[in-house]
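The following exercises ask the reader to examine one structure with care. Each task is followed by a solution in steps.

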Amino acid sequence: MTVSADLQPYSERYFSPLECMPSDTVTLAQRQSLRYLLDSVRGSNAFYRRKLDGIDFEPDAGDLALLPFTTRAELQKDQEAHPPYGTNLTEPVEDYRRFHQTSGTHGRPMRWLDTPDSWQALTDCWCTIFTAAGVGASDRILFPFSFGPFLGFWVAFDGASRLGAMVIPAGGTSTLGRLQMIAENAVTVVCCTPTYALHMAEVAAGHGIDLAASTVKSLIVAGEPGGNIPEVRAKIEKAWGARLFDHHGMTEVGPVSFECHEKPGGLHINEEHYLAEVIDPSTLQAVPDGTPGELVLTTLLRKASPLIRYRTGDQVILTRGKCACGRYYARLEGGILGRVDDMFTVRGNNVFPSAVEAILRRFDEVAEFRLTVFDRGPLAAVQLEVEPVSATIDARSLCEKVSRTIHDELHFKAGVTPVEVGSLPRFEMKAKRFVRK
């Protein structure tokens, strides 16, 4: 296959020349894009015209803190007041061609529209993700999920097609059917959630399919923090015999980050498209690089439905400097560490669900789990349901080992109980293992 005539990656390693430019060049390009973005929204975007009214800000060198944050709550309120799409539209509504909506995991779903230009900016982001992972026109990419209204892998599908790869939709069929499609079509890349990668491996093992001997060389995962949890990564890579590449994004911001081939264990922000900040969610002040905080994003090139200083709710540690891959793009060490609003406190210890998952994935005897937190102030109670891989496992002993490890490493006591084999749900897209009551 050949790459589309309108698209030629800068090189085998970089999709855009800005990826290998020094930091000051990247910053200059970002500030120029920010100027164009602000000019656009002040002229024709009613939502941001109201928010920015009376604010004197110099895009080339101004302090970003002069610009107001944007929150999910105010976007939802705007869409309720101006149904169905709200007022965060820079173009006339008839110029928009793509409709998507958020998954609703963290509240009421938001509708999101894109023009052809803004959609191309999003597919450019996915072309960067693919190129950084060594994926190109010679690959065959399987998308094993049912396409829904969320942005998800829709834009990845179009980006892969633009690169010239063969794209294989695998919705509307069983997991076993998708595994057969991998074999029949000599698939080389699979795009899915970490949870579903593990589930496919579970089904393959149950049917005597040796995934590690398949043609799959790479998995690109998103939708959950699991891709950069070392224990989850190791389990997936062992089962598939393939390299895992993490990525994160959101319907309202698009495909934000990518993992380079040379330095796993972190995510680069695609700084040509996104201006990233990290703040303390309590004080709303910027934190120094290398300090945990909440990721704040400005979408520089998705001008038709933009976000300026959007509080994502994602907990990250951002660092800067030249990476082994040659990029100066900001890097999120360990990927997305968790959701700020998912963190729970048990006897003075702050815990993210991903920390519990990291422990559980060390136990090969565990097939699935569900974590329930009962909020009672400082005396929050934690209940963990554990499903063994088979009925031959000593479930009581397994739960005792899990409970002891959680106590030793996370310093709280969880009520760990076994459940019947096959009783917990399996997920194609975002897993819902964390319940808060």
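A residue is called buried under 20% relative accessible area, exposed over 50%, and partly exposed in between. The model shown is a predicted one.

**Exercise 1. Determine whether Phe99 is buried, partly exposed or exposed, and describe its pairing with Tyr85.**

Step 1. The relative accessibility of Phe99 is 37%, so Phe99 counts as partly exposed.

Step 2. A search of the whole structure gives 13 aromatic pairs. One of the pairs joins Tyr85 and Phe99, with 6.4 Å from centre to centre and 65° between the planes. Planes over 60 degrees apart count as edge-to-face, and the pair of Tyr85 and Phe99 is accordingly of that kind.

Step 3. Tyr85 belongs to the loop between α3 (72-81) and β1 (98-101), while Phe99 belongs to strand β1, so the pair ties together parts that are 14 residues apart in sequence.

Step 4. Tyr85 has a relative accessible area of 30% and is therefore partly exposed.

**Exercise 2. Classify the ring pair of Phe344 and Phe434, and locate both residues.**

Step 1. The ring centres of Phe344 and Phe434 are 6.0 Å apart and their planes meet at 25°, so the pair is stacked. The cut-off used here is that planes under 30 degrees apart count as stacked.

Step 2. Phe344 is part of strand β17 (residues 344-346) and Phe434 is part of strand β22 (residues 434-436); the pair therefore ties together parts that are 90 residues apart in sequence.

Step 3. Phe344 has 0% relative accessibility and counts as buried, whereas Phe434, at 21%, counts as partly exposed.

**Exercise 3. State which residues form one aromatic cluster with Trp126.**

Solution. The cluster consists of Trp126, Phe130, Phe143, Phe145, Phe147, Phe153, Trp154 and Phe157.

**Exercise 4. Locate the salt bridges of Glu262, Glu237 and Glu277, and give the accessibility of the partners.**

Step 1. Side chains of opposite charge can pair when their charged atoms come close. The cut-off for a salt bridge is 4 Å between nitrogen and oxygen, and the count for this structure comes to 29 salt bridges.

Step 2. Glu262 is bridged to Arg13, with the closest N and O atoms 3.5 Å apart. This pair links distant parts of the chain, 249 residues apart: Glu262 is in the loop between β10 (257-258) and β11 (266-269), and Arg13 is in the segment before α1 (23-44). Glu262 is partly exposed at 37%, and Arg13 is partly exposed at 39%.

Step 3. Glu237 meets Arg233 in a salt bridge of 3.8 Å, N to O. Both residues lie in helix α8 (residues 230-240), four residues apart, which is about one turn of the helix. Glu237 is partly exposed at 24%, while Arg233 counts as buried at 10%. A network of salt bridges links Arg233, Glu237, Arg243 and Glu259.

Step 4. Glu277 and Arg309 form a salt bridge whose closest N and O atoms are 2.9 Å apart. Glu277 is in strand β12 (residues 274-279) and Arg309 is in the loop between β13 (292-299) and β14 (310-319), so the pair ties together parts that are 32 residues apart in sequence. Both Glu277 and Arg309 are buried.

**Exercise 5. Identify the negative surface patch that includes Asp117, and decide whether Asp117 is buried or exposed.**

Step 1. The patch is made up of Glu91, Glu94, Asp95 and Asp117.

Step 2. Asp117 is located in helix α4 (residues 116-132). Its relative accessibility is 68%, so Asp117 counts as exposed.

Definitions and conventions
Residues numbered from 1 in each chain as written. Predicted model: local features only at pLDDT ≥ 70, side-chain atom pairs only at ≥ 80, totals over all residues. Heavy atoms only, no water. Patch = residues over 30% accessible without salt bridge, like charges linked within 9 Å, V, L, I, M, F, W, Y side chains within 5 Å. Areas by Shrake-Rupley, 256 points an atom, 1.4 Å probe, with all protein chains shown as cover. Salt bridge = Lys/Arg side-chain N within 4 Å of Asp/Glu carboxyl O. Lys, Arg positive; Asp, Glu negative; His and termini not counted. Charge placed at Lys NZ, Arg CZ, Asp CG, Glu CD. Helix = DSSP H or I, 4+ residues; strand = E, 2+ residues; numbered from the N terminus. Buried < 20%, exposed > 50% of the residue type's maximum accessible area, 1.4 Å probe, protein only. Phe/Tyr/Trp six-rings, centres within 6.5 Å; stacked < 30°, edge-to-face > 60°.
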